[in-house]
Amino acid sequence: MTGDAPTISSPPWTQLSPINSTNDSASIRTRTDCLTCVESRNPAEAAKSEDKLTYGCTFPTCTKRFQCIDKWERHENNKHFQLEAWRCSVWNADNHECARLFYHRSKYTEHLRDEHKFKKSETENPLKENRIGRNGQYQYWCGHCRKLVRLHNQGSDAWAERFEHIAQHEQDISDWLLPEGHRTKGEVAAGVCVGEGDGECIESLDLNLYIRE
Ligand SMILES: [Zn+2]
Ligand SMILES: [Zn+2]
Ligand SMILES: [Zn+2]
Ligand SMILES: [Zn+2]
């Protein structure tokens, strides 16, 4: 038996420690002392903070909102799953991004060739650049930046990087542009049809694609 202690790599959130121990440490929000959650234990305080539903679920057709970043993250982790997808970013003649989503590499390749008249050799770059990684890896759609954002980390760190990025926008989820079509979550909720594409309005996105079984 060797005396080596096993190397334990703890998840990133357990490694959070106060940045410094000066007097302003109270203002540093950590995952263990979320002020919203503390307030919510008091129903009167919870009612007052009704209007502070800051974090909205980013997944299409899900309208859940959360006061607390942890609950929002937990919700997206537990309720949704991002499949590998390709978002077509080719600009059409009518000066709009194509903005269609494909869940198979071959289907997107076909689309590039048939719809956009790409030669086989020209499909390589869009296949790489427009790929959304499975379960928040490689690259993800940010509806506030309104573009795909490349991740620096991998695994659960990549997922955390995505949450941090979206949270720092401090923007309402109704302004979130969906990856498919040309509507924001707010517009979808209000039933607005922007009449894009081939005269076809994407009224309802297939929620089943996003729900984890
Ligand atoms: Zn909380
Ligand atoms: Zn959701
Ligand atoms: Zn396209
Ligand atoms: Zn962004």
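Select the zinc ion (ligand 4) first, together with its protein donors Cys142 (SG), Cys145 (SG), His165 (NE2) and His169 (NE2), which lie 2.0 to 2.2 Å from the metal; donors here are N, O and S atoms within 2.8 Å of the metal (3.2 Å for Na, K and Ca), and water is not among the atoms, so sites may look incomplete. This is a predicted model, in which local features need pLDDT of at least 70 and side-chain atom pairs count only at pLDDT 80 or more, while totals for chains, interfaces and linings use all residues. Residues are numbered from 1 along each chain as its sequence is written, chains are lettered from A and ligands numbered from 1 in the order in which they are written, and side-chain values use heavy atoms, with hydrogens and water left out.

With the zinc ion (ligand 4) still selected, display the angles between its four donor atoms: they are 105 to 120°, which makes the arrangement tetrahedral (for four donors, all angles between 85 and 135 degrees). For reference, the ideal angle for four tetrahedral donors is 109.5 degrees. Along the chain, the donors of this ion follow the spacing C-x2-C-x19-H-x3-H.

Colour the two histidines by accessibility next, where buried means under 20% relative accessible area, exposed over 50%, and partly exposed in between (1.4 Å probe, protein chains only). Histidine 165 is buried, at 17%, whereas histidine 169 is partly exposed, at 21%.

Now move to helix α6 (residues 156–168), where tryptophan 159 and phenylalanine 163 sit four residues apart, about one turn of the helix; helices (H or I, at least four residues) and strands (E, at least two) are DSSP runs, numbered from the N terminus. Both tryptophan 159 and phenylalanine 163 are buried. Their ring centres are 5.3 Å apart and their planes lie at 65°, so the pair is edge-to-face; rings of Phe, Tyr and Trp (its six-membered ring) pair if their centres lie within 6.5 Å, with planes under 30 degrees apart counted as stacked, over 60 as edge-to-face and the rest as tilted.

Add Tyr55 and Trp72 to the selection, and one aromatic cluster with Trp159 and Phe163 is complete. Arginine 162 lies over the face of phenylalanine 163, at 5.5 Å from the ring centre (CZ of Arg or NZ of Lys within 6 Å of the centre and within 35 degrees of the ring normal).

Finally, select phenylalanine 102 and tyrosine 108, both of which are buried. Zoom out to the whole protein, which has seven helices and seven strands, and in which buried residues make up 35% of the 213 residues.

Conventions. Tetrahedral: all angles 85-135°; square planar, octahedral: opposite > 155°, others 65-115°.
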